[in-house]
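Please read the following report alongside the sequence and the structure, which are shown just below. The report takes up helix contacts, strands and a few single residues in turn.

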Amino acid sequence: MATRATKKTVKKAAAKAVKAVKKVVSKAEPTPAAVTLPALHESTTSSGLKVLAAQRGVLPLVAVRLVIRAGSSVEPADKHGLSDFTARLMRRGTARMSADEIDETIEFVGASFSVGSSEDVLSLFVATPAEHFPEMLSVLGQIVREPSFPERELELARERALAGFVNDLDDPSVVADRAFTRALWGDHPYGHDVGGSAAHVRTFTRDDLVRFHRERMGPKVSLLSVVGAVSPEVVAREAEKAFAGWEGGPETPMELPPADMKTSGRIILVDKPEQTQTQVRIGGPGFRVGHPDYFPAAAMNNVLGGGFTSRLVNEIRVERGLTYGIHSYFDMMNAGGVFGISTFTQTDKTREMIDVTLAEVAKVREKGITPAELKKAQRYLAGLYPLRTETNESVASVLSDIRVHGLGDDWVEKFRERLMEVKPKQTVEVAAKYLFAQPPLIVLVGKASEVKKQLTGLGPVTVVPASDYE
Amino acid sequence: MPKAPANSAVRKADPVLQSLFDVQEATLPNGLRVRLLANHDTPVVSLYTFFQVGSRNERPGITGISHLFEHMMFNGAKKYGPKKFDQVLESNGGRSNAYTSTDMTVYYEDFASDALETVLDLESDRMRSLRINDEALESERQVVMEERRVRVDNDITGIMDEELGTLIWKAHAYRWPVIGWEKDIENISREDCEQYFRTYYAPNNAVLYICGDIDPKKTLALVRRYYGDIPKGPTPEPVLNAEPVQKGERRAEVRHPAQSPAVMLAWQGPAGRDEDTLVLDIIQYALTKGEGSRLVKKLVYETQLAVSVMVDWGWRVDPGAIIVYLELKQDSDPRKVEEALYAELARVAAEGLTERELQKAKNNLRADHLRELATNSGRAHAMGHYEALLGSWRDGLTLPSVYAAITNEQVKAVAAKYFAPERRSVVTLIPAPGGATDEAADGAADGKDAE
C-alpha cells in the first residue's frame with residue numbers, strides 16, 4: 001500500500017556540461033578484501049536429499065531454503081501456473097495437519113514460511129528463531145513429503161488467484177511484463193508467466209496438483225540449504241528426521257530445449273486507452289546462468305543501464321527528462337536468458353524514448369565502453385558484492401544458485417577476482433553479441449490510438465487489448 | 001493522556017541486543033551527533049544521515065519542500081558539482097539513496113569499506129556548501145511532478161491515501177502528502193530552498209550513523225576532520241500541534257477507473273513516544289501478521305470478502321494514524337466489509353486477544369526485530385529510527401522487555417480507546433468506467449524502476 005514516505009527515485013542533475021570525473025582519491029589499484037562463505041558441510045539424507053549447512057552469525061536466527069527443480073518451465077502445456085499454485089497449496093494442509101494448524105505452528109514461534117516458483121525452481125523458504133529450528137524443519141518436511149491438497153483450500157486459492165488476475169489489469173507494468181515474456185519466448189517453456197493465466201488456473205483440479213507433486217518434485221532434484229546459528233551436526237540430524245522417506249520425482253532435472261527467440265523487430269502494442277504514459281519493454285536473447293560471458297556482460301551492462309549514473313539514465317532521464325526510471329539487465333535462467341530494457345514515458349514521447357534508447361544501445365554495440373568506464377563498473381560491482389553475502393537468507397540463496405546452476409563452490413570467493421580481470425576487449429565483444437545485433441522485440445502498453453501513429457517505420461505493429469493478459 | 005501503567009518499570013536492555021550494540025557516541029562542537037558501530041563480518045559499511053525534518057515542518061504554500069529538497073541534495077555542492085555525487089560514489093564501490101517521511105529526511109550509502117573517507121568527503125561537502133541554482137531546481141521540480149503523477153495521481157492507493165490524510169487531520173501538517181500538493185511544488189522558490197537548507201540541514205539538526213567494517217576511533221577522527229568546520233545553525237522552530245478533537249466519523253469517496261472497489265480506513269492514534277504505541281504494535285501483529293492472524297483469517301479466508309488486508313501503523317513524532325487497506329473483489333460490497341472489520345475490532349476491545357495470540361504477537365515482534373538487525377544498513381537505520389521517534393537509540397534495546405510485559409488488559413483498553421468510531425475516517429474507491437473521462441484518468445505506472 002502507499003506509505004506516506006516517498007523515496008528518491010530520480011536524481012536529475014542540472015543540464016550542464018559534464019566534465020570528466022576527476023579522480024578524488026588516488027589509490028593504488030584496489031585489492032578487494034576477501035569475501036568468503038562460511039565453511040560448508042554437506043550431507044545426504046537416506047532418501048537422497050542433498051543438504052548444505054553453513055554456521056554463521058551472532059543473531060539467534062536460521063534461514064532455510066529448499067529448492068526443487070520443478071519451476072514453471074516443467075508444467076504441462078495447458079496448465080500454466082501449476083508450479084507456483086502447487087507450491088502455495090502445499091502449506092494449506094498435510095496428512096497430519098490442517099492449514100490452520102500449520103499456520104499456528106509456524107507463526108506462533110515467530111517463524112515465517114514463504115513459497116514461490118521461478119522458471120527453473122520451486123522454492124520454499126523458512127526463517128526461524130534458532131531455538132525452533134528442529135520443529136520448523138519438521139513442518140517443512142511434512143509440507144514437502146505429504147501435502148493433502150484439500151479441495152476447499154484449492155477452491156479458495158483459485159478464487160483469490162482469479163481476483164488477483166483481474167486487479168492486475170489495473171497495473172500497466174504487470175501487463176507489460178506478461179506481454180514481453182510471452183512474445184519473447186513464444187512456445188518455449190519459459191514463454192509464460194510464472195503465475196500462469198486466468199484461463200489455465202480455472203482448469204486446475206486436485207489431481208493436477210497431486211500429479212505435479214508426485215512426478216515433478218522429489219529428493220533427487222532438490223537441495224536443502226541451512227544457514228545461521230545452528231551446528232552442521234544438528235542440521236544433518238534434523239534433515240534426516242524431516243525428509244526420511246521422501247519419495248517420488250524424477251532422477252534428474254528435466255532438460256529444456258534451447259532458447260529460440262524470434263524478435264526480429266516486432267512491436268506488440270497493448271491497448272489501455274485510459275493511459276497517458278506508455279510502459280516500454282525492449283529485449284532480445286541473452287545467455288544462461290553461469291555462462292562465460294557473465295563478467296564482461298555484467299560490467300558492460302552496468303555502464304549502459306545499471307546504476308544511477310549509467311549512460312541510459314544520463315541520456316534519457318537526466319539530459320532529456322523522458323522518463324523517471326530506466327534500466328537494462330541480463331535475466332539469466334538455466335536454459336537461456338534475456339537482455340532487456342525496461343522503462344516508461346509520457347504517451348506523446350513514446351517514439352522519442354524508443355529512438356534515443358536504441359541509439360544509445362547502438363553506440364555501445366558499435367564502439368563498446370571506454371576503459372575508464374569499465375574500471376568504474378568493476379569498482380562499483382566489486383565494492384558492493386559483499387552485500388550479497390550479508391544475511392543468512394542471501395547466503396542460502398547463493399548456495400542454492402551455485403549448486404543448481406553449477407557455478408562452482410568457489411563462485412563467491414572468486415567473484416571479485418574474475419570481475420576485475422575483465423578486459424576492455426571482452427566488453428566490446430559482449431556488446432556486439434548481445435546488444436540487439438538483430439532488431440529486438442518491443443512491447444508497449446498504453447493508449448494505442450496515440451502511440452500507433454508514432455511508430456511508422458519502426459517495424460510490424462500488432463495491437464492487442466489489455467484483457468488478453470488476464 | 002492516560003498511559004499504560006508501569007511499563008517503565010520493566011524496561012531493561014535485551015542481552016542479545018546489548019552485546020550487538022557496542023556503540024561509540026560523540027557530539028561535535030557544532031552539534032552534530034555521531035554514532036559508530038563496528039562489524040567486521042564483511043568489508044562494507046553503511047552510513048546514514050538523519051535530518052530531523054520532514055513534511056511535518058512545512059506550511060501551506062510550500063508543501064513538498066522537504067521531499068523536493070531531498071532531490072536537490074544530489075544536485076551538486078561546492079567541491080563536488082552537478083552529477084558528481086553518484087559518479088564519485090559509484091566509482092568507489094558505493095551506492096546511495098534517500099527518503100523523506102512526515103518526520104524525517106534520511107540519506108544513506110552502502111559502500112566498500114575502503115571508500116569511507118571519500119563518502120565522508122561527499123556527504124560533508126553537501127552539508128557544508130550545497131549549491132542550489134535555478135536551472136537545477138527547475139529540472140528537479142519537473143522530475144518531482146512526474147514522480148507525483150506516477151505515485152499519487154495515477155496510483156489508486158496513492159489517490160486514496162492522499163484523500164484519507166485530509167480526513168484524519170484538519171490542522172496538523174500530517175494532512176498533506178509528503179510529496180506535496182501540485183501547485184505548491186510549482187510554487188517553491190530557490191529562496192525557500194536556501195532558507196530551508198540553513199534551518200534544517202545544519203549539523204545540530206543531524207545525526208550520523210556509521211555501521212560496518214570500521215575502526216570507530218579512526219572514523220570519529222575522520223568525521224571531525226570533514227564535518228568539524230561546518231557552522232552550527234539556528235534551532236528550528238518547534239512544531240505546534242493544533243489538531244482539534246475529532247467529533248465523529250469522517251467519510252469520502254474516490255471515483256476512478258478500476259477493476260474492483262477498495263476501502264482505506266484510519267483511526268487517530270497516539271504519538272510514537274506514547275506507551276500505547278507499543279500496545280498498538282502488538283494489536284497490529286495480532287490483526288494482520290501471518291495467515292493465521294485475525295483479519296486475514298476472517299476477511300480473506302473465512303468470509304472471503306477481501307482479496308488482501310493490510311494494517312499500517314507507523315510511529316510518528318506527533319499523534320499518528322492506524323491505517324487499514326482492504327483490497328476487494330469485483331462484486332464485494334464495501335459496506336459489508338467495513339461492518340465485518342468493525343466487528344473484529346470490537347471483539348478485540350471487548351474480549352482482548354487469547355493468551356496464545358498475545359504471546360504469538362510478542363514472539364513475532366521479537367523475531368522481526370532481530371531480522372531487521374541482520375545487516376549494517378538495518379542496524380544503522382534502526383538506531384536512527386529509534387533516536388528520531390523515541391528519543392534515544394537505546395530505547396530500541398529495551399523494546400523486547402516492554403513488549404514482553406504487555407497484558408491483555410492493556411490490549412483491551414487500547415483497542416477500545418483507539419478503534420472508537422469517532423476517531424475513524426473512511427475512504428471508499430468506487431470503480432468508474434475505464435477510458436479518459438477527465439484529468440483524473442491519467443495513465444498509471446508504478447515505481448518499479450525506482451530504487
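## A helix pair in chain A

In helix α10(A), the residues Arg311(A), Leu312(A), Glu315(A) and Ile316(A) meet Met353(A), Val356(A), Thr357(A) and Glu360(A), which belong to α11(A). Sorted by class, this contact of α10(A) with α11(A) is made up of four nonpolar residues, one polar residue and three charged residues. The model described here is a predicted one, and what follows should be read with that in mind.

The two helices involved are α10, covering residues 311-319 of chain A, and α11, covering residues 350-367 of chain A, and they pack at an angle of about 155° with their axes 10 Å apart. Angles over 145 degrees count as roughly antiparallel, and α10(A) and α11(A) are therefore roughly antiparallel to each other. The crossing that α10(A) and α11(A) make is right-handed.

## A buried strand in chain A

Strand β4 of chain A, residues 61-68, has eight of its eight residues buried, so this strand is largely enclosed by the rest of the structure. In a regular strand, side chains alternate between the two faces of the sheet. On one side of β4(A) are Leu61(A), Ala63(A), Arg65(A) and Val67(A), while Val62(A), Val64(A), Leu66(A) and Ile68(A) are on the other, and with all of these buried both faces of the strand are covered.

What strands pair with β4(A)? Strand β6 of chain A, residues 122-129, is joined to β4(A) by eight bridges and runs antiparallel to it, with Ile68(A) standing opposite Leu122(A) of β6(A). Strand β7 of chain A, residues 222-228, is joined to β4(A) by seven bridges, again in an antiparallel arrangement, and here Arg65(A) has Ser225(A) of β7(A) as its bridge partner.

## An open sheet in chain B

Chain B contains an open sheet of five strands, which follow one another in the order β7-β11-β8-β10-β9 with mixed pairing. At the edges stand β7(B), residues 250-257, and β9(B), residues 306-313, each of which has a single partner strand, so that one side of each is left without a neighbour in the sheet. From one strand to the next, the twist of this sheet averages 15°.

Strands of a sheet pair through backbone hydrogen bonds, and they may do so either parallel or antiparallel. The edge strand β7(B) runs parallel to β11(B), residues 424-432, and eight bridges join the two. Within this pairing, Arg251(B) of the edge strand has Val426(B) in β11(B) as its bridge partner.

## Two helix pairs in chain B

Helix α11 of chain B, residues 294-302, packs with helix α12 of chain B, residues 334-351, at an angle of about 150°, and their axes are 11 Å apart. The helices α11(B) and α12(B) are therefore roughly antiparallel to each other, and their crossing is right-handed. In this contact Arg294(B), Leu295(B), Lys298(B) and Leu299(B) of α11(B) meet Val337(B), Ala340(B), Leu341(B) and Glu344(B) of α12(B), a set that by class holds five nonpolar, no polar and three charged residues.

A further pair consists of helix α13 of chain B, residues 355-372, and helix α15 of chain B, residues 395-405, which pack at an angle of about 170° with their axes 10 Å apart. These helices, α13(B) and α15(B), are therefore also roughly antiparallel to each other. From α13(B), the residues Lys362(B), Leu365(B), Arg366(B) and His369(B) meet Leu399(B), Pro400(B), Tyr403(B) and Ala404(B) of α15(B), and by class the contact divides into five nonpolar, one polar and two charged residues.

## Single residues of interest

Most residues other than glycine have a negative phi. In chain A, however, Phe149(A) has a positive phi, near 45°, and is not a glycine. Phe149(A) lies in the loop between α3 (133-145) and α4 (151-168) of chain A, and it counts as buried because 21 C-beta neighbours are found inside 10 Å. In chain B, Lys83(B) likewise has a positive phi, of about 70°, without being a glycine. The loop that holds Lys83(B) runs between α2 (65-72) and α3 (84-91) of chain B, and this lysine counts as buried because it has 23 C-beta neighbours inside 10 Å.

Is Thr118(B) buried or exposed? This residue, which is placed in helix α4 of chain B, residues 116-129, is buried, because 21 other C-beta atoms lie within 10 Å and 20 or more are enough for a residue to count as buried. From C-alpha to C-alpha, Thr118(B) and Lys289(B) are 42 Å apart in space, and in sequence they are 171 residues apart.

Note on methods: Residues numbered from 1 in each chain as written. Chains lettered and ligands numbered in written order. Predicted model: local features only at pLDDT ≥ 70, side-chain atom pairs only at ≥ 80, totals over all residues. Pairing = 2+ DSSP bridges. Helix = DSSP H or I, 4+ residues; strand = E, 2+ residues; numbered from the N terminus. Axes fitted to C-alpha atoms, helices over the stretch in contact; angles between N-to-C directions. Buried ≥ 20, exposed ≤ 12 C-beta atoms within 10 Å, placed from the backbone. Parallel < 35°, antiparallel > 145°, perpendicular 65-115°, else oblique. Left-handed = near helix turned anticlockwise from the far one by under 90°. Contact = placed C-beta atoms within 7 Å. Nonpolar A, V, L, I, M, F, W, Y, C, P; charged D, E, K, R; others polar.
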